[in-house]
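Here is a friendly set of notes to read alongside the model. Please keep the 3D view open as you go through them.

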Amino acid sequence: MAADSAPFVAPAPRGVLAWHICGAVLQSAGGAVLWILPLLVRKQFGADDWLTFLITVTPAVLFSVSIFWHELFDRWSIARALTVYWLIGVVPLGVCGWAREYWQLFIGYFIACTGAAAWSPIQGALMRRLYDSRTRGRAFGLINGAGLLGVMLSAWFIGAWLERSTESFRVFMPLIAVIQGVGIGILALIALRHAPFPPTAAREREPILRRITQPLLRMREVLKADPVFFRYERAFMTYGIGWMICNALLPILADRNLHFTYAQYAHATQVFTQIGNIAMAYPLGRLLDRIGAVRLSSLSFAALALYPLGLLFSRNSVDVAIVSLVYGACMAGVQHGWLLGPVALAGSAEKAPTYVAIHTTLVGIRGIVAQGLGMMIYRATGSITAPMVIAAAAFLHSAWQMRQLRAATADRLALVR
């Protein structure tokens with residue numbers, strides 16, 4: 001396996017990057033489906049606040065199984081891993097288009113979210129193996145920006161179609177699963193040709209209990225052995241409290257307080273979020289290559305405090321669109337740090353999937369706590385004010401944690417830009 005510092009020379013990185021961008025646009029189309037579902041189940045299936053909460057919390061909670069996916073991928077080829085990802089993480093969401101009741105939709109959605117947790121280790125490994133550390137931030141900026149463009153176009157399309165026909169989800173959900181399959185196929189071809197993932201040598205048969213517990217024990221060992229990575233994850237956990245609270249309450253705010261239609265919700269939230277994110281993806285990728293993931297994450301976390309406060313004072317779709325535009329610009333920096341921080345801190349291409357899988361798994365743990373906290377405070381007070389203020393405080397504290405981390409570990413962090 002090539003060292004991280006080895007340049008990628010055959011074929012030209014530009015050609016690989018172009019195909020990677022194409023695959024990212026198609027593969028990301030499903031993101032808009034996940035975003036619209038909380039409002040869809042409220043309007044189409046009569047879901048109450050807690051059933052809506054169940055939809056919003058499921059993807060975050062099931063990120064916790066990412067570490068187990070990584071354990072399987074350590075034994076599989078990349079072709080097999082991507083095939084399983086599509087079959088479990090994409091196809092069941094397409095099948096949800098035929099659901100007639102809430103719980104029918106939720107079962108398919110639950111399976112899809114379980115499979116979706118497999119994506120982060122794959123993506124982290126691709127970035128580590130295909131791109132040199134000196135250009136990885138810029139490459140990720142272009143790839144992530146392309147993926148966000150796919151989400152934005154999909155969200156615009158879905159919102160407009162649902163306005164014309166509330167039953168249109170029965171068509172676009174299977175259609176988007178097919179589109180994602182094409183994108184995943186492109187990524188599989190890139191990986192097979194330019195970044196092969198040979199499975200680890202066959203291991204001795206292990207007891208089933210050891211197979212289940214080994215990934216969690218390994219995660220604990222890695223965090224204990226790498227205090228810089230542990231503190232990086234701790235700051236992201238704090239940031240995640242703020243993000244999860246906002247994520248849980250946004251569909252309720254849009255439906256109950258602001259009475260958004262499908263088009264207003266999709267356009268004011270997703271479309272404008274992705275416009276801000278796309279506009280800043282490449283510039284912040286270049287900035288990451290200069291200042292590193294820790295400093296970029298700290299600045300982005302601090303700016304994100306504006307998001308919950310902005311939602312708190314929004315009175316119509318125009319207000320939410322402006323807030324979402326700022327939010328998207330901030331999230332461009334967070335997303336760079338979210339993936340490329342663990343990739344860089346891993347120190348080698350072989351460790352990168354492990355670090356990303358640990359990072360993704362911890363997202364699930366914070367999702368269990370933070371989204372439930374936000375919903376309970378909202379239900380207890382009958383207002384979004386208290387949870388949104390807590391979310392803003394969490395963003396500011398996470399920025400301070402990242403700043404402290406940089407000050408305490410400058411020598412180590414200088415090596416992982």
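The points below go from the overall fold to a few individual residues.

1. Please bear in mind first that this is a predicted model. The protein chain holds 18 helices and 0 strands, so you can follow the chain helix by helix, with helices being numbered from the N terminus.

2. On the chain as a whole, 59% of the 417 residues count as buried. The accessible surface comes to about 17,300 Å², and carbon and sulfur atoms account for 66% of that. Among contacts with a separation of 6 or more, 86% join residues 24 or more positions apart.

3. A good place to look inside is the largest nonpolar core, which has 133 residues. Leu 105, Tyr 109, Tyr 239 and Leu 304 have the most contacts inside this core. Helix H12 (residues 227–257) gives the largest share, 16 residues. As general background, nonpolar side chains tend to be buried together in soluble globular proteins.

4. Tyr 109 is worth a closer view. Leaving aside its neighbours within four places in sequence, Tyr 109 is in contact with Leu 34, Leu 37, Ile 55, Thr 58, Pro 59, Leu 93 and Cys 96.

5. Cys 96 leads to another point: how many disulfides are there? The count comes to 0. For Cys 113, the closest cysteine sulfur is in Cys 96, but the distance is 8.9 Å, and a disulfide needs the two sulfur atoms within 2.5 Å, so this pair is too far apart for a bond. Cys 113 counts as buried, at 4% relative accessibility. Cys 246 is buried too, with a relative accessible area of 1%.

6. Do have a look at helix H13 (residues 262–304), which spans only 25 Å between its end C-alpha atoms. What would a straight helix of 43 residues span? At 1.5 Å a residue, a straight one would span 63 Å. Tracing H13 along its length, you will find a bend of about 115° at Gly 292.

7. Finally, where is Glu 167 placed? Glu 167 lies in the loop between helix H9 (136–164) and helix H10 (169–194). At 35% relative accessibility, Glu 167 counts as partly exposed. Apart from its neighbours within four places in sequence, Glu 167 is in contact with Gln 44 and Arg 100. Glu 167 and Gln 44 are 123 residues apart in sequence, while their C-alpha atoms are 8.5 Å apart in space.

How values were computed
Residues numbered from 1 in each chain as written. Predicted model: local features only at pLDDT ≥ 70, side-chain atom pairs only at ≥ 80, totals over all residues. Heavy atoms only, no water. Helix = DSSP H or I, 4+ residues; strand = E, 2+ residues; numbered from the N terminus. Buried < 20%, exposed > 50% of the residue type's maximum accessible area, 1.4 Å probe, protein only. Contact = heavy atoms within 4.5 Å. Areas by Shrake-Rupley, 256 points an atom, 1.4 Å probe, with all protein chains shown as cover. Expected span 1.5 Å × (residues − 1). Bend = angle between axes of the 7 residues up to and from the residue. Core = buried A, V, L, I, M, F, W, Y, C linked by side-chain atoms within 4.5 Å.
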